[in-house]
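Biologist: I would like to learn how to read a fold and a metal site from coordinates. Can we work through one case together?

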Amino acid sequence: MKNLTILGSTGSIGVSTLEVVAAHPDKFRVVALTAGANLELLKQQIETFQPDLVSVLTADKAKALSRSLSGKKPQIMHGVEGLIAAATASDTTMVVAAIVGAAGLVPTAAAIMAGKDVALANKETLVTAGHLIMKMVREKNVCLYPVDSEHCAVFQSMAGHRTQDIARVILTASGGPFLHWGKEKLASATVADALNHPNWSMGKKITVDSASMMNKGLEVIEARWLFDIPVGRIAVNIHPQSIVHSMVEYIDGSVMAQLGVPDMKGPIAYALTYPGRVASGVKPLDLTALSGLTFLKPDTDRFPALKLAYDAVQAGESMPAVMNAANEIAVESFLSGRIGFMAIPETIAKVMDLHPPRSLHSIEEVLEADRWGRRTAKEVLGCTN
Ligand code: NAD
Ligand code: MG
């Protein structure tokens, strides 16, 4: 029996995780759940999974949740304190890190420091603080399993091989809804256009990141830390069908790939049950039903965010954290209709130009760089709040 904390249980990954858990009640127990604002869904999850502890964003939401529950109630906490309590709960053996954005960093780091294994969906944790997190993972001797489908594919394609024999890691990207859009059309892309992802159903932030290709940029940085591969050996191929989830090329020319129907329950189940496998609810792959599998080079002229991420990781130090923060602010502004789609990479580039990278020695220093990036992005965008 594995005892789980799910950080971000009401999100896309959180909900898929609970679907896997519900299918295997003999294998998993839910100890703690955390959510942002969706109290209605959290209430249903509490009734179904009976956690000992839950946490929500604010004290008001905690009170509202408590009032809405009848019968046996879990302990209800809120804020960062609640997230940390859930991440470090004594009964928990594995934490599923599925909060979106840099907000996931502190509880994920707390889980590792408390000796918990982590199933990591929150890529921003490694983007902002990769070197510190991987050091903590080594020191605490915990396991960090990738949930991101590409990294799960790389992880599976590396099994039984030696890291020194790897020539390249090749991350695949669907190309998102704008794969064939010209620059002019991209400039007038609407929120609805950006949220219309062809293959994956995900939270809004990552869906916009997929449309701008910043998601792939974040994943390049995530792979750099997770697998300790120099970024120059991490390539990106556009693969519009999203069937090959990523590949590893070895020095003898062999390429190992992992394939499957695009459904996050596959990578989630693998992270939860590694090295075993369970039925995940993912439909079987019928290659004969596909008209073909294609691969293209990414176009960083139309999708500059991918290049910005390579630049950020090459600059190193605080630059990826600042880039990530600027992206979060720009995506929020795009989603609320304040800026156009191409203003996302433009804003990030301006913020990065203004940032002299400096080394980061603690999570607190990462958070400082994150705050600097957010503040500067708001200034660049002329936001008043
Ligand atoms: P989502 O927006 O659907 O869900 C996010 C969850 O985090 C929700 O439960 C929300 O309430 C909570 N949350 C948001 N802000 C918070 C805050 N400040 N404090 C506490 N909780 C907060 O996001 P998602 O699509 O499930 O993505 C979650 C993470 O997984 C992201 O880092 C994303 O990049 C990564 N990921 C997602 C997918 C996918 O298919 N959705 C695939 C790969 C990786
Ligand atoms: Mg991914």
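Modeller: We take the sheet, then a helix packed on it, then the metal site. Keep in mind that this is a predicted model.

Biologist: In what order do the strands of the sheet lie, and in which sense do they pair?

Modeller: Read across the sheet, not along the chain. Here seven strands run 4-3-2-1-5-6-7 in an open sheet, with parallel pairing. Strand 4 (75-78) and strand 7 (144-146) are the edges, each paired on one side only. On average, neighbouring strands are turned by 25 degrees against each other, direction ignored.

Biologist: How many bridges join strand 1 and strand 5?

Modeller: Four bridges, in the parallel sense, link strand 1 (residues 2-7) to strand 5 (residues 94-97). One pair to look at: Thr5 has Val95 in strand 5 as its bridge partner.

Biologist: Which strands does helix 1 touch?

Modeller: Look for contacts, then for direction. Helix 1 (residues 12-23) packs on the sheet and touches strand 1, strand 2 (28-34) and strand 5. The directions of helix 1 and strand 2 make about 160 degrees.

Biologist: Now the metal. Which residues coordinate the magnesium ion (ligand 2)?

Modeller: List the donors with their distances. Asp148 (OD), Glu150 (OE) and Glu219 (OE) coordinate the ion at 2.1 to 2.2 Å. Their sequence spacing is D-x1-E-x68-E. Glu150 sits in helix 7 (residues 149-158) and Glu219 in helix 11 (residues 214-227), 69 residues apart, so distant parts of the chain are linked.

Biologist: Are Glu150 and Glu219 buried or exposed?

Modeller: Compare each value with the cut-off: buried means under 20% relative accessible area. Glu150 has 8%, so Glu150 is buried. Glu219 has 1%, so Glu219 is buried too.

Note on methods
Residues numbered from 1 in each chain as written. Chains lettered and ligands numbered in written order. Predicted model: local features only at pLDDT ≥ 70, side-chain atom pairs only at ≥ 80, totals over all residues. Heavy atoms only, no water. Pairing = 2+ DSSP bridges. Helix = DSSP H or I, 4+ residues; strand = E, 2+ residues; numbered from the N terminus. Axes fitted to C-alpha atoms, helices over the stretch in contact; angles between N-to-C directions. Contact = heavy atoms within 4.5 Å. Donors = N, O, S within 2.8 Å, 3.2 Å for Na, K, Ca; no water. Buried < 20%, exposed > 50% of the residue type's maximum accessible area, 1.4 Å probe, protein only.
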